[in-house]
Amino acid sequence: MVRGRTRLRVYFNAANIEPYMSLGETCLNNGEVWTFLTNKNGHGGSGTLATAIPGTKSDQIHINI
């Protein structure tokens, strides 16, 4: 905690941002919702995950490129 604010655990890797991206969300077994931005050209392998944001739904994410 930082002065009444909860620290957000966010993963971001700008190197994995490319023109073809996919935005999706998943609910973990403890009920926590995570939103993932993935590079479609990565095909699930290395270099696929661009960002992971906990506690958000995909319709609440706004990306300006």
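This note sets out numbered points on the fold, the strand pairing and a few individual residues of the structure.

1. Status and overall make-up. The coordinates are those of a predicted model, and the points below should be read in that light. The protein has four strands and zero helices, and its elements follow one another from the N terminus as β-β-β-β. Of the 65 residues in the protein, 22% are buried. The protein exposes about 5100 Å², of which carbon and sulfur atoms supply 52%. When contacts in the protein are restricted to residues at least 6 apart in sequence, 31% of them join residues at least 24 apart.

2. Sheet topology. The four strands form an open sheet in the order E1-E4-E3-E2, and the pairing is antiparallel. Strand E1 (11–12) and strand E2 (21–27) are the edge strands, each of them pairing on one side only. In this order E4 stands between E1 and E3, and E1 and E4 pair in the antiparallel sense over two bridges.

3. The E2–E3 hairpin. E2 and E3 are joined by seven bridges in the antiparallel sense, and one of the pairs places cysteine 27 opposite its bridge partner in E3, valine 33. Five residues lie between the strands of this hairpin, and glycine 31 takes a positive phi near 90 degrees there.

4. The E3–E4 pairing. Strand E3 (residues 33–39) and strand E4 (residues 49–54) pair in the antiparallel sense over five bridges. Three cross-strand pairs can be followed here: threonine 35 stands opposite isoleucine 53 in E4, phenylalanine 36 stands opposite alanine 52 in E4, and threonine 38 has leucine 49 in E4 as its bridge partner. Alanine 52 also stands opposite tyrosine 11, which places this E4 residue across from both phenylalanine 36 and tyrosine 11.

5. Burial of E3 and E4. Strand E3 is mostly covered, with five of its seven residues buried. Strand E4 is largely enclosed by the rest of the structure, because five of its six residues are buried.

6. The aromatic pair. What does a search of the whole structure find in the way of aromatic pairs? The search finds one such pair, made up of tryptophan 34 and phenylalanine 36, whose ring centres are 6.3 Å apart. Their planes are at 20 degrees, and planes under 30 degrees apart count as stacked, so the pair of tryptophan 34 and phenylalanine 36 is a stacked one. The two partners fall in separate accessibility classes when each is taken against the cut-offs: tryptophan 34 counts as buried because its relative accessibility is 15%, under the 20% limit, whereas phenylalanine 36 is partly exposed, with a relative accessible area of 26%.

7. Asparagine 39. This residue is found in strand E3, and asparagine 39 counts as buried because its relative accessibility is 4%. Its side chain reaches the backbone oxygen of asparagine 16 at 3.3 Å. Leaving aside neighbours within four places in sequence, asparagine 39 is in contact with Asn16, Glu18, Tyr20, Met21, Gly47 and Thr48. A colleague checking the polar side chain of asparagine 39 may wish to begin with the backbone oxygen of asparagine 16.

8. Histidine 43. Where does histidine 43 lie? It lies in the loop between E3 and E4, and histidine 43 counts as exposed because its relative accessibility is 74%. The phi of histidine 43 is near 50 degrees, a positive value in a residue other than glycine. That deserves a remark because most residues other than glycine have a negative phi.

9. Isoleucine 17. Isoleucine 17 is found in the loop between E1 and E2, and with a relative accessibility of 31% it counts as partly exposed. Leaving aside neighbours within four places in sequence, isoleucine 17 is in contact with Phe12, Leu37 and Ala50. The C-alpha atoms of isoleucine 17 and lysine 40 are separated by 9.8 Å, although these residues are 23 residues apart along the chain.

Methods
Residues are numbered from 1 along each chain as its sequence is written. This is a predicted model: local features need pLDDT of at least 70, side-chain atom pairs count only at pLDDT 80 or more; totals for chains, interfaces and linings use all residues. Side-chain values use heavy atoms; hydrogens and water are left out. Two strands pair if DSSP finds at least two bridges between them. Rings of Phe, Tyr and Trp (its six-membered ring) pair if their centres lie within 6.5 Å; planes under 30 degrees apart count as stacked, over 60 as edge-to-face and the rest as tilted. Buried means under 20% relative accessible area, exposed over 50%, partly exposed in between (1.4 Å probe, protein chains only). Contact means heavy atoms within 4.5 Å. Accessible areas come from the Shrake-Rupley method with a 1.4 Å probe; for residues, only the protein chains shown count as cover. A polar contact is a pair of N or O atoms within 3.5 Å; within protein, one must be able to donate a hydrogen and the other to accept it, and residues adjacent in sequence count only if both atoms are side-chain atoms.
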